[in-house]
Amino acid sequence: MMLRASLAVAILALMMCVAPAAQSGGRVTGTVKLTLANSAPSPAGVYERRAVCPRPRAQPEIKSVVIFFSDLPATKAAPMQASIAQKDEQFAPHLVAVTAGSKVAFPNEDPFFHNVFSLSRGAGFNLGRYPSGSSRSQTFTRPGIVKVFCEVHSHMSAVIRVFEHGWFTVPNEDGSYAIDNVPPGEHTLVAWHERIGERRDRVTIRAGADTQINFTLPVLEPGQ
């Protein structure tokens, strides 16, 4: 009986020692605000939109932003499952952010053929043309920016951000975001948007504490 009690006490002590380590990181929260850049749109377009479907409803621009730490070490973050649908002649969502090794599906939800391809460095692929109701997928093993297109419809594009760690997020539609369990220390936090590039801020993360960082991004209208 005494041996059993001693073993229980030892296990409890071990749990008490391990639990704080799992929560030793800090948390960064904040908001991302998009403002219209002070620039007039170009009157020239490369291609006219050759659409069969009516012009689709615009996706929330804030969902094309990624918040991430740029100077944290690579970790074995778990692969993710993501999906970018082809619907109303657009990729939806326009952007996804995943860890290296993740698989992204591209279901065709339009009543005609689509194609998915990329010429991006380290992630070149072509899934070919496939009909309505079917889906094809691609696994992304290298960190970086992958730009995706459809060879059937030149106006369609999407972006996949692949990270070698798990400290990233896409803001909510109200602009709020949070990244949990960030290693303590001074790091660089980045807000990235496809059409403006990066905005950076240095942030000091303290164990068990929240730190707030807000970003304002002057986003150009599509086509600028």
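Modeller: Before we look at single residues, let us agree that contact means heavy atoms within 4.5 Å, and let us keep in mind that this is a predicted model.

Biologist: With that settled, which residues is S120 in contact with, leaving aside its neighbours within four places in sequence?

Modeller: Once those neighbours are set aside, S120 is in contact with I145, V146 and K147. The C-alpha atoms of S120 and I145 are separated by 7.5 Å, although the two residues stand 25 apart along the chain. As for its place, S120 belongs to the loop between β8 (114-118) and β9 (125-130).

Biologist: Is S120 buried or exposed?

Modeller: The general idea is a cut-off, since buried means under 20% relative accessible area. S120 has a relative accessible area of 14%, and therefore it is buried. Its side chain makes a polar contact with the side chain of S118 at 3.1 Å, and a polar atom of the S120 side chain lies 2.9 Å from the backbone nitrogen of K147.

Biologist: How should I read the pairing of strands in a sheet?

Modeller: Strands of a sheet pair through backbone hydrogen bonds, and the pairing is either parallel or antiparallel. In this structure, an open sheet of 3 strands runs in the order β3-β7-β10, with mixed pairing. Its edge strands are β3 (81-83) and β10 (135-140), each of which pairs on one side only, and the twist averages 25° from one strand to the next.

Biologist: In which sense do β3 and β7 pair, and over how many bridges?

Modeller: β3 and β7, the latter covering residues 102-107, pair in the parallel sense over 3 bridges. To find one of these pairings in the model, start at Q81, whose bridge partner in β7 is K103.

Biologist: Where could I look for the antiparallel sense?

Modeller: Turn to strand β15 (residues 185-193) and strand β16 (residues 197-205), which pair in the antiparallel sense over 9 bridges. These two strands form a hairpin with 3 residues between them, and T188 stands opposite R202 in β16.

Biologist: I would also like to understand pockets; which residues line the second largest pocket?

Modeller: A pocket is an open set of grid points, and lining residues have an atom within 4 Å of a point. The second largest pocket holds about 190 Å³ of space, and its lining includes Q59, P60, K63, M80, P93, G166, F168, T169 and V170, together with L95, A97 and V98. The elements that give two or more residues to this lining are β6 (95-99) and β13 (168-169), and the largest share, 3 residues, comes from β6.

Biologist: Since T169 is among those lining residues, why does T169 count as buried?

Modeller: T169 counts as buried because its relative accessibility is 17%, and the cut-off for buried is under 20%. T169 has its place in strand β13, and, leaving aside neighbours within four places in sequence, T169 is in contact with V65, V66, I67, Y177, A178 and I179.

Biologist: Finally, how many helices and strands does the protein have, and what percentage of its residues count as buried?

Modeller: The secondary structure comes to 1 helix and 18 strands, and 37% of the 224 residues count as buried. Among contacts between residues at least 6 apart in sequence, 66% join residues at least 24 apart, and the pair with which we began, S120 and I145, is 25 residues apart along the chain.

Key
Residues numbered from 1 in each chain as written. Predicted model: local features only at pLDDT ≥ 70, side-chain atom pairs only at ≥ 80, totals over all residues. Heavy atoms only, no water. Pairing = 2+ DSSP bridges. Helix = DSSP H or I, 4+ residues; strand = E, 2+ residues; numbered from the N terminus. Axes fitted to C-alpha atoms, helices over the stretch in contact; angles between N-to-C directions. Buried < 20%, exposed > 50% of the residue type's maximum accessible area, 1.4 Å probe, protein only. Polar contact = N/O pair within 3.5 Å; in protein donor to acceptor, adjacent residues only side chain to side chain. 1 Å grid on protein atoms, 1.4 Å probe; cavity = no way out; pocket = protein on both sides within 12 Å on 5 of 7 lines; lining within 4 Å. Points joined across faces, edges and corners; volume = space filled by probe spheres on them.
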